[in-house]
Amino acid sequence: MFDLLLKIALLGVSLSMIGFLYRLIKGPSVPDRVVALDAMGINLIAIVALASIVMDTSAYLEAILLLGILSFIGTVAFAKFLEKGEIIENDRDR
Amino acid sequence: MSLLHWAVLSPFLLAIIVPFLYKLFRQIHTGWFVLILPVLLFTYFSRFISLTKQGEVITERATWIPSLGIHVDFYLDGLGLLFALLITGIGSLVILYSIFYLSKVKEKLNQFYVFLLLFMGAMLGVVLSDNLIVLYSFWEFTSLSSFLLIGYWNERERSRYGAQKSLLITVFGGLSLLGGIILLSIMGNTFSIRELISQSGELMDHPLFTPALLLVLLGAFTKSAQFPFHIWLPDAMEAPTPVSAYLHSATMVKAGIYLVARLSPVFAESGVWFWCVSIAGLITLFWGSFSAVKQTDLKGILAFSTISQLGLIMSLLGLGAAALHYDTLGENIYLAATVAAVFHLINHATFKGSLFMVAGIIDHETGTRDIRKLGGLMQLMPITFTVAVIGAFSMAGLPPFNGFLSKEMFLASMVNVLELDIFNMETWGVLFPVLAWVASVFTFIYSMIVVLKPFTGKLQLHLLEKKPHEAPIGMLISPIILATLVIVFGIFPNLLSSSIIKPAVASIQPNLVDSNFQVHIAFWHGFSPELWMTIGIIVIGIILYKTFPKWKRIYQWLPERFSLNALYDNGLNALERSASSVMKFLMTGSIRTYLLSIFLFFILSLGFALYWKDAFKLDTGNFAPIGLYEMVLAAIIVIGSISILFAKSRLTSIILLGAVGYTVSLFFVLFRAPDLALTQLVIETISVALFLLCFFHLPLLASRKEERMTFRLNNALISIGVGTIVTLIALSAHSNKLFDSISSYYLENAYKEAGGKNVVNVILVDFRGLDTMFEISVLSIAALGIFAMIKLRLTGRKDKS
């Protein structure tokens with residue numbers, strides 16, 4: 001029963017991934033896409049967590065943490081790029 | 001290393017010393033130092049005459065590459081000795097002549113004598129080598145030194161052209177000779193000529209026999225300027241005259257003759273050999289003498305005359321091969337052809353050498369070699385005139401000179417051909433004497449032109465650059481010696497017959513010549529057909545010479561653009577042009593095209609291999625079951641990848657690429673690879689950031705408008721093809737798994753042997769740590785490279801910082 005639930009949950013998250021992917025491809029503006037990517041990252045966290053329950057292992061917990069950090073950093077980088085056109089600012093340019 | 005080896009090596013050694021002699025003794029003409037060596041060598045070689053006369057041979061061995069069966073084997077028999085004497089004898093005379101011909105002040109004498117000595121040593125090596133590889137090495141050395149000598153006045157364009165042409169043609173022949181040598185060594189399992197001769201009977205039936213024969217003949221024909229490879233010889237006349245006299249009349253062009261004579265015992269049984277050698281010789285004989293008549297340059301006439309005489313010798317060698325089929329004949333009349341060939345070889349070297357020297361003297365004393373400007377030099381240069389008369393009459397075949405005897409023997413052999421009843425000779429044999437006779441008439445005409453045009457008639461002083469006068473005595477010594485030899489050999493031909501000619505014939509026809517064989521050259525042999533032919537030649541020749549201006553026109557029938565020279569020039573141009581157009585077609589400079597070719601080749605070669613080997617196999621037995629979420633993830637990747645192709649802006653492409661990368665990491669999670677998933681996540685993030693960086697720095701040009709990728713059908717086809725091929729190969733590879741994986745070893749031993757529970761990491765740093773080390777170096781190189789590329793701007797503008 002629990003196994004079935006897990007699979008349903010995985011399927012649901014995967015389908016939502018497709019939804020985000022649709023937004024990612026279609027997204028009229030770049031911020032739409034970046035948000036879609038960020039949400040996909042969080043979706044990935046969910047999938048990894050569910051998958052590690054299905055596989056009955058704790059080997060992926062680092063991956064979950066890493067995903068969280070990375071999707072944050074990635075979103076911030078994109079945001080900064082969209083705002084200022086540059087990710088790492090050069091002090092001397094100021 | 002025997003004395004014979006040192007004798008061949010000595011010109012090379014002296015060539016090393018010559019530049020020092022030239023620098024040290026500026027007052028003395030360098031040629032005097034050089035002259036000593038060939039004279040010494042000549043006396044050394046003439047000591048062997050008494051040995052070879054008794055049929056003895058000298059063999060000496062020095063090891064070179066014993067593991068490959070290549071030894072510097074020298075083998076001195078009648079034929080080798082004849083050539084060695086020619087090379088050293090005429091070499092001495094030519095060097096003596098060159099001392100007076102070349103100015104001490106103006107010319108680069110050090111180069112000249114170095115090249116000449118290189119040539120002399122190489123030529124001695126060619127005629128004395130028993131090992132075919134050694135022979136080939138010396139053979140190429142003669143081509144090279146001839147190239148250097150023809151281009152001696154390298155500031156002249158014609159010299160460079162002639163040198164290049166002769167090098168291209170003779171090296172082409174040399175390479176085919178090498179092919180023939182290798183085929184011979186495959187057949188006989190040896191490089192030694194004597195061993196090949198001893199097994200000549202078995203070689204005949206070998207399938208490689210005819211290719212080897214043709215390749216060797218190609219080498220011999222190009223070197224000896226046989227039709228149609230004769231075109232380099234007239235252009236080689238740009239060399240200094242001593243070089244023309246030495247290389248292009250007496251020695252180098254006879255290397256091909258030597259090769260044919262030397263390998264006759266191996267090949268001559270075959271009908272192909274008989275036909276090739278005799279027909280090529282006859283055509284060369286006719287074409288050379290026919291073309292010589294129209295030349296206006298003295299050396300040009302002599303060049304074509306050399307071609308024609310070489311053809312004569314070659315055709316005689318071919319006819320001599322017929323003797324092998326009549327070994328039961330009591331009196332073997334075809335053997336006489338070989339005797340005539342050897343005799344004419346000697347005669348030609350003497351009279352052609354003297355004629356070239358005469359041409360050189362005329363050039364030197366009047367400033368021109370054009371027979372239209374020359375005339376009436378008889379009173380001014382009586383000695384030169386005498387030498388020229390002797391040489392030219394001998395060349396024409398008049399008594400009492402040696403050319404008469406060999407021409408008679410030649411005509412006799414050609415008449416004997418009529419009695420041949422092998423190789424369809426009954427029908428075609430009549431061609432031989434007719435061609436030979438016509439060629440002899442032309443020979444007579446150009447011989448008369450050579451001697452009569454410059455020396456008789458009106459003296460046209462205003463056309464000459466210098467005031468003509470008799471040459472210095474030093475310049476005349478060599479031609480006088482040669483002319484004396486012409487007369488001596490003409491009146492006493494039997495001086496040569498048993499001492500030199502017989503041993504040489506014995507080397508060419510080893511199975512036929514026994515102790516009973518006697519060479520007898522008689523001056524008077526009755527009213528034979530050949531005598532009437534000679535009389536006919538003289539009569540018709542005189543008539544044609546007198547009426548020459550009237551029938552000159554026939555030479556205009558063959559326009560210049562259909563000549564072999566034009567063929568060579570156009571061929572060379574066409575080759576260059578087509579090569580460069582192929583280059584331009586293939587090497588467009590656009591990476592897109594190269595990728596197209598690479599991928600096309602990939603598809604075609606792998607697809608063909610799959611089809612040809614019938615390698616595609618699909619075995620669903622070992623497939624794992626496919627889960628639903630795997631399908632969903634795969635769908636995400638596929639949709640993402642396809643949308644990258646159709647994305648309108650680059651930023652969308654980058655984001656989509658990141659999404660695909662993250663999904664791949666999810667696959668790693670699903671397929672239980674936590675380390676890979678971690679690394680993939682981090683790397684994907686970094687590379688997306690890098691892509692953004694690149695994207696930001698793209699120049700904002702009008703032409704770089706953000707556009708959707710344009711669609712090209714062939715690109716689409718090729719990319720689909722690559723994908724299909726890779727998929728097919730992956731499926732068949734998976735279905736063809738033959739062995740179990742070795743991974744169970746790692747799983748069992750990771751903790752036991754290496755003390756780690758993470759098998760991936762244990763493999764990376766312990767079992768297969770070396771790979772990791774070099775991956776680390778790859779990363780450091782990449783980092784350093786990026787740093788260097790950013791910081792180091794040698795050509796660029798001044799940096800702001």
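Q: How do the residues of the lining of the largest cavity divide into nonpolar, polar and charged?
A: Ala, Val, Leu, Ile, Met, Phe, Trp, Tyr, Cys and Pro count as nonpolar, Asp, Glu, Lys and Arg as charged, and the others, Gly among them, as polar; here the lining divides into 10 nonpolar, no polar and no charged residues. This is a predicted model, in which local features need pLDDT of at least 70 and side-chain atom pairs pLDDT 80 or more, while totals for chains, interfaces and linings use all residues. Side-chain values use heavy atoms, without hydrogens and water, residues are numbered from 1 along each chain as written, and chains are lettered from A.

Q: How many cavities does a search of the whole structure find?
A: Rolling a probe the size of a water molecule over the atoms shows where empty space is left. A cavity is a set of points on a 1 Å grid over the protein atoms alone where a 1.4 Å probe fits but cannot get out, with lining residues having an atom within 4 Å of a point. The search finds 3 cavities of 30 Å³ or more, and the largest holds about 50 Å³.

Q: Which helix gives the most to the lining of the largest cavity?
A: Helices are DSSP runs (H or I, at least four residues) numbered from the N terminus; H16(B) gives the most, with 3 residues, while H4, H13, H15 and H16 of chain B each supply at least two.

Q: How do H14(B) and H15(B) run relative to each other?
A: Angles between N-to-C directions run from 0 to 180 degrees, and those over 145 count as roughly antiparallel. The axes cross at roughly 155 degrees, and the two helices are therefore roughly antiparallel.

Conventions. Angles under 35 degrees count as roughly parallel, over 145 as roughly antiparallel, 65 to 115 as roughly perpendicular and the rest as oblique. On a 1 Å grid over the protein atoms alone, a cavity is a set of points where a 1.4 Å probe fits but cannot get out, and a pocket is an open set with protein on both sides within 12 Å along at least five of seven lines; lining residues have an atom within 4 Å of a point. Grid points are joined across faces, edges and corners, and a volume is the space filled by probe spheres set on the points.
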